[in-house]
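Welcome! Let us take a friendly walk through this structure, beginning with the whole of one chain and ending with single residues.

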Amino acid sequence: MSKRIDVEDLNVYYGDFLAVEDVNMTIEPRSVTAFIGPSGCGKSTFLRTLNRMHEVIAGARVEGKVMLDGDDLYAKGVDPVLVRSQVGMVFQRPNPFPTMSIRENVLAGVRLNNRKIARSDADDLVESSLRGANLWNEVKDRLDKPGSGLSGGQQQRLCIARSIAVRPNVILMDEPCSALDPISTLAVEDLINELKEEYTVVIVTHNMQQAARVSDKTAFFNIAGTGKPGKLVEYAPTQEIFNNPKQKATEDYVSGRFG
Amino acid sequence: MSSAAVTSSRFTSGQAPKWLTPAVGLAAIILGAALSALIGFSVATWALFAGLIFVIAGPILIGIIEGRRKGSDAFARFLVYGTFLIALIPLVSVLWTVLSKGIPGLSGNLLTTSMNGVTGVVDNKTAAGDQPILGGIYHAIIGTLEITALATIISVPIGLLTAIYLVEYATGGPLSRAITFFVDVMTGIPSIVAGLFAASFFAFATGSPSTRTGFVAAVALSVLMVPTVVRNAEEMLRIVPNELREASYALGVRKWRTIMKVVIPTAISGIASGVTLAIARVIGETAPILVTAGFVNSINFNAFSGWMATLPTYIYYQIMTPTSPTSPQVSETRAWAAALILILIVMLLNLTARAIAKAFAPKTGR
């Protein structure tokens, strides 16, 4: 269920604007990788190229290769929809579908694709996904209530349950805790630790303590100045990034001297 | 909280007493009556003077007691209330007139018969008190419902699909700019021009210049409806947050499925009320119906052959050419009853749209 990601010479553009330049990186299966760096340095942009969500924005394009277990996501003829069903994504702001109940939200990936699913299988899928997202005990008595009635932290975990219900190989998280309180953050971090047993998890975060707590490897992105492309400065085991980084810029950033 | 506690607070001292506004209002009404009596009393001048005195004197008094800022606040507030009341006058007046003149004409006979065979002789007998009002609006109700339904069936898919193209697929190229421009132009087409377009188009297409059917009228009405539906649906689709689309894409859902199952359900309540507004706009059209569907006194269920009457054309003919020129009051009664039925139909449509909106609206609650 878990796959490895290899990124080779990746350039990411918005129209003619080069947003992220020349990224090379290998993300191991069953690991948590954190992307850190100042705002606007291209972390989220890069993350969105890993499941071809980047090209949803008009004019956005990519050069280079992203390989999922050796298969290039950007090869000719690759269907981005298929890519996205294998590489799930959780967004910064919780975004449950407002017209659907909690149960329907979890089943959204199945139902929206018009796949037939037996009622008992659906019940099992809802329970296992919600248990997987540490939300089952809180919502099991109100599965038919709207998902938007949950608290922010619960909504975010509902979104995670929705992502894992389609059984992806990789889960991308774009600052999943930035809108949450410390307790909900803790719940999501625990969850990330459990998710890595089964999935490859990539997380963008502004919170360096969070990166240190949850990730195995950390990538530091930086930007030379406004209008310049973002770059991958250093990519190493988390311990190394925080304790003895090789690059001066990384050291300055993780020690809080800038950014 | 007792009022004594309120007035004794340091934060509330220096405020105008609560009775000041009603007192000024009362004084304005009395003074207004007196002033209007000076120049010859009438209700209109009375209301005008009372309103003016209230809007000027009230803020000045409050300004003296509470200060300049509160005074201007009161002035703006009274102006808002006043313009609201003025805006209500036509609405209340129309409702009152239609109800008071329309209800006497309502009967089972009116709703279930056409004007077939109802001549001036029949109306003269009715006016003489020999029989109840004969003849009805059944054929016009049928015509209105069929033509409006056909127009809706034509224009909602076109309008909705255009809006979906503009919001979900267009990238700001020449095509989408052209569509937006022409939709704007279409919004301004006078209804008679739309009617003439449909009439001449069908005359050209069928080769017979007198082709008048309910369907031609429906086409004319769609020309008026489409731009309204497009503009409204476009607005509604644009306010669906992009995050929902992205969430759906990230689950591996195709774009058109995302549109069908996430975007449209989220926006459906707004789209439904927009469609109702578009229907309400065209259901009262008279001129385009006359040049496209003609006018008849008998029942015609077939919108694709033969002339049809609708409620607006029925009202127009009953008022302009009364069935019995010597006793037009019978025709007038029927016309007012028809107007009341037309308003009721529009109201029913509104309620239906609200019900649809409520059923589909994003759910809240815990």
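A residue is called buried when its relative accessible area is under 20%, exposed when it is over 50%, and partly exposed in between. With that cut-off, buried residues make up 40% of the 366 residues in chain B. Please keep in mind that this is a predicted model.

**Chain B as a whole**

The secondary structure of chain B consists of 15 helices and 0 strands. How far does the C-alpha trace of chain B span along its principal axes? The spans come to about 85 × 75 × 40 Å. The radius of gyration of chain B is 28 Å, whereas a compact globule of 366 residues would have one near 21 Å.

Contacts in chain B often reach across the sequence: of those with a separation of 6 or more, 74% join residues 24 or more positions apart. On the outside, chain B exposes about 19,500 Å², and carbon and sulfur atoms supply 72% of that area. Chain B also carries 23 positive and 13 negative charges, and the mean positions of the two groups are 9 Å apart.

**Aromatic pairs**

Over all chains, the count comes to 13 aromatic pairs. One of them joins B:Y138 and B:F301: the ring centres are 6.4 Å apart and the planes stand at 75°, so the pair is edge-to-face, since planes over 60 degrees apart count as such. Which parts of chain B does this pair tie together? B:Y138 lies in helix α7 (residues 138-169), while B:F301 is in the loop between α13 (287-293) and α14 (311-320), so the pair links parts that are 163 residues apart in sequence. B:Y138 itself is partly exposed, at 26% relative accessibility.

Another edge-to-face pair is formed by B:Y316 and B:Y317, with 5.6 Å from centre to centre and 90° between the planes. B:Y316 is partly exposed at 38% relative accessibility, and B:Y317 is partly exposed at 30%. Here are the two pairs side by side.

| Aromatic pair | Centre to centre | Angle between planes |
|---|---|---|
| B:Y138 and B:F301 | 6.4 Å | 75° |
| B:Y316 and B:Y317 | 5.6 Å | 90° |

Ring pairs also build a cluster, which links B:F197, B:F201, B:F202, B:F215 and B:F304.

**A buried histidine**

Helix α7 of chain B also holds B:H139. Is B:H139 buried or exposed? Its relative accessible area is 3%, so B:H139 is buried. Leaving aside neighbours within four places in sequence, B:H139 is in contact with B:T113, B:S114, B:M115, B:V296, B:N297, B:S298, B:I299, B:A309 and B:Y314.

**Two backbone angles in chain A**

Most residues other than glycine have a negative phi. Against that background, two residues of chain A are worth a look. A:D22 is not a glycine, yet its phi is positive, near 50°. A:D22 is found in strand β2 (residues 17-27) of chain A, and at 45% relative accessibility it counts as partly exposed.

A:E175, which is not a glycine either, has a positive phi of about 45°. Where in chain A is A:E175 placed? A:E175 sits in the loop between β7 (170-174) and α8 (182-195). Its relative accessibility is 10%, so A:E175 counts as buried.

Key
Residues numbered from 1 in each chain as written. Chains lettered and ligands numbered in written order. Predicted model: local features only at pLDDT ≥ 70, side-chain atom pairs only at ≥ 80, totals over all residues. Heavy atoms only, no water. Helix = DSSP H or I, 4+ residues; strand = E, 2+ residues; numbered from the N terminus. Rg over C-alpha atoms; globule rule 2.2 N^0.38 Å. Buried < 20%, exposed > 50% of the residue type's maximum accessible area, 1.4 Å probe, protein only. Contact = heavy atoms within 4.5 Å. Areas by Shrake-Rupley, 256 points an atom, 1.4 Å probe, with all protein chains shown as cover. Lys, Arg positive; Asp, Glu negative; His and termini not counted. Charge placed at Lys NZ, Arg CZ, Asp CG, Glu CD. Phe/Tyr/Trp six-rings, centres within 6.5 Å; stacked < 30°, edge-to-face > 60°.
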